[in-house]
Amino acid sequence: MTSFGSRLAGAVDARGPLCVGIDPHASLLEAWGLPASAAGVRDFGLRVVDAARTRVGVVKPQVAFFERYGSAGYAALEEVIGTARAAGLIVIADAKRGDIGTTMDGYAEAWLSAGSPLESDAVTVSPYLGPDSLRGTIATAVREGKGVYVLAATSNPEAAGLQSAELTTVDAERGQTVADWVAQRAGSANSSAVVGDDRFGPVGFVIGATVERADLGLTDASLQRASLLAPGFGAQGARLSDISERFGPLAPQVLASASRSILGAGPDGIAAAIDTHNSELQDARHA
């Protein structure tokens with residue numbers, strides 16, 4: 001079985017580090033001339049996949065925008081995920097699941113197990129019931145050759161107070177913040193014993209492109225061999241040309257996620273928008 005890290009590295013090397021979000025907001029459905037329904041999000045998602053399939057290696061459907069249409073929405077999501085994976089795209093399901101015990105195991109089976117209707121290549125997860133609550137999910141990912149992206153440093157302002165808080169638990173280093181503790185604990189699965197020669201391990205982290213990691217006490221040492229999914233490029237204000245400046249030595253690990261700045265171009269302009277984003281990233285990498 002080929003590991004997630006190996007497949008991800010291959011996709012990035014072949015088509016660059018751009019990740020296209022599939023976010024069928026109500027306003028975008030209207031702008032695209034699609035109904036606010038399960039049929040609308042299905043058509044939206046499939047059009048994005050069609051435009052992305054030869055241009056990028058990774059797509060990220062936002063589960064909530066499908067989930068709001070109930071079972072029909074989930075059926076639409078299943079088709080979008082299946083079509084994307086059949087086209088050779090790596091699919092990161094942006095579900096942000098977080099729980100404990102067998103409940104979390106159920107989420108892991110749903111999103112990561114082979115043959116599941118929702119089978120994806122990776123899923124986003126929340127560590128705020130304690131990073132060790134993700135052990136079972138990470139074990140499933142390793143077993144299935146899949147990945148998990150753990151929320152570590154998110155761009156929403158209300159998260160800063162939690163993520164920058166210093167810990168008092170016995171297993172934390174003195175003065176260590178929640179963000180760094182999460183990355184250190186969850187990232188232990190990226191050790192050489194597990195990852196071998198792969199560039200990336202099974203555990204990646206979500207780090208907002210507009211976030212100052214130092215303000216959250218998030219150290220580079222805790223992020224080694226992790227893919228860094230970085231939303232916030234484009235509409236949220238971060239510029240692709242600044243990727244090296246913002247991430248420094250971690251820049252080669254960044255998967256730059258863009259949604260509205262691409263999707264806002266409409267169904268007839270999305271392919272050109274992806275090409276423009278790719279060109280900006282290529283220029284930044286060679287600057």
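**Figure 1. F4 is a buried residue, with 2% relative accessibility.** The model shown here is predicted. Under 20% counts as buried, so F4 at 2% falls in that class. Its partner in this view is Y149, which is buried too, at 0% relative accessible area. How many aromatic pairs does the count give? The count comes to 2 aromatic pairs. One of them joins F4 and Y149. Two values describe such a pair: the distance of the ring centres and the angle of the planes. For F4 and Y149, the centres are 6.2 Å apart. The planes meet at 85°. Over 60 degrees counts as edge-to-face, so this pair gets that label. Where do the two rings sit in the chain? F4 belongs to helix α1, residues 4–15. Y149 belongs to strand β5, residues 147–153. The two residues are 145 residues apart, so the pair links distant parts of the chain.

**Figure 2. The whole protein has 13 helices and 8 strands.** Its radius of gyration is 18 Å. The globule rule gives 19 Å for 287 residues. The two values are close, so the protein is as compact as a globular protein of that length. Along the principal axes, the C-alpha atoms fill a box of roughly 55 × 45 × 40 Å. What share of the residues is buried? Buried residues make up 54% of the 287. Now take the contacts with a separation of 6 or more: 72% of them join residues 24 or more positions apart. The exposed surface comes to about 11,800 Å². Carbon and sulfur atoms supply 50% of that area. The protein has 23 positive and 32 negative charges. Their mean positions are 3 Å apart.

**Figure 3. L112 is a buried leucine in helix α6.** The helix spans residues 101–112. The relative accessibility of L112 is 0%, so this residue counts as buried. What does L112 touch, leaving aside neighbours within four places in sequence? Its contacts include S120, D121, A122 and V123. T137, T140, A141 and E144 are also among them. So are K146, G147 and V148. E144 is 32 residues away along the chain. In space, the C-alpha atoms of L112 and E144 are separated by 6.9 Å.

**Figure 4. D105 lies in helix α6 and is partly exposed.** Its relative accessibility is 35%. That value lies between 20% and 50%, so D105 counts as neither buried nor exposed. How far is D105 from T83? In sequence, the two are 22 residues apart. In space, the distance is 26 Å, C-alpha to C-alpha.

**Figure 5. L263 is a buried residue in helix α12.** This helix covers residues 260–263. L263 has 0% relative accessibility. Which residues does L263 touch, not counting those up to four places away in sequence? They are G21, D23, L28, W32, F44, V48 and I270. P24 is 239 residues from L263 in sequence. Across space, the C-alpha atoms of L263 and P24 are 8.6 Å apart.

**Figure 6. Q184 is partly exposed and sits in helix α9.** The helix runs over residues 178–187. Q184 has a relative accessible area of 29%. Leaving aside neighbours within four places in sequence, Q184 is in contact with E173, Q176 and S222. A38 is 146 residues from Q184 along the chain. Their C-alpha atoms are separated by 39 Å.

**Figure 7. K96 and R225 have positive phi values.** Neither K96 nor R225 is a glycine. What is phi for K96? It is near 50°. K96 lies in strand β3, residues 90–97. Its relative accessibility is 39%, so K96 counts as partly exposed. For R225, phi is about 65°. R225 is in the loop between β6 (203–207) and β7 (228–230). Is R225 buried or partly exposed? At 22% relative accessibility, R225 counts as partly exposed. The cut-off for buried is under 20%, so R225 does not fall in that class.

Conventions: Residues numbered from 1 in each chain as written. Predicted model: local features only at pLDDT ≥ 70, side-chain atom pairs only at ≥ 80, totals over all residues. Heavy atoms only, no water. Phe/Tyr/Trp six-rings, centres within 6.5 Å; stacked < 30°, edge-to-face > 60°. Helix = DSSP H or I, 4+ residues; strand = E, 2+ residues; numbered from the N terminus. Buried < 20%, exposed > 50% of the residue type's maximum accessible area, 1.4 Å probe, protein only. Contact = heavy atoms within 4.5 Å. Rg over C-alpha atoms; globule rule 2.2 N^0.38 Å. Areas by Shrake-Rupley, 256 points an atom, 1.4 Å probe, with all protein chains shown as cover. Lys, Arg positive; Asp, Glu negative; His and termini not counted. Charge placed at Lys NZ, Arg CZ, Asp CG, Glu CD.
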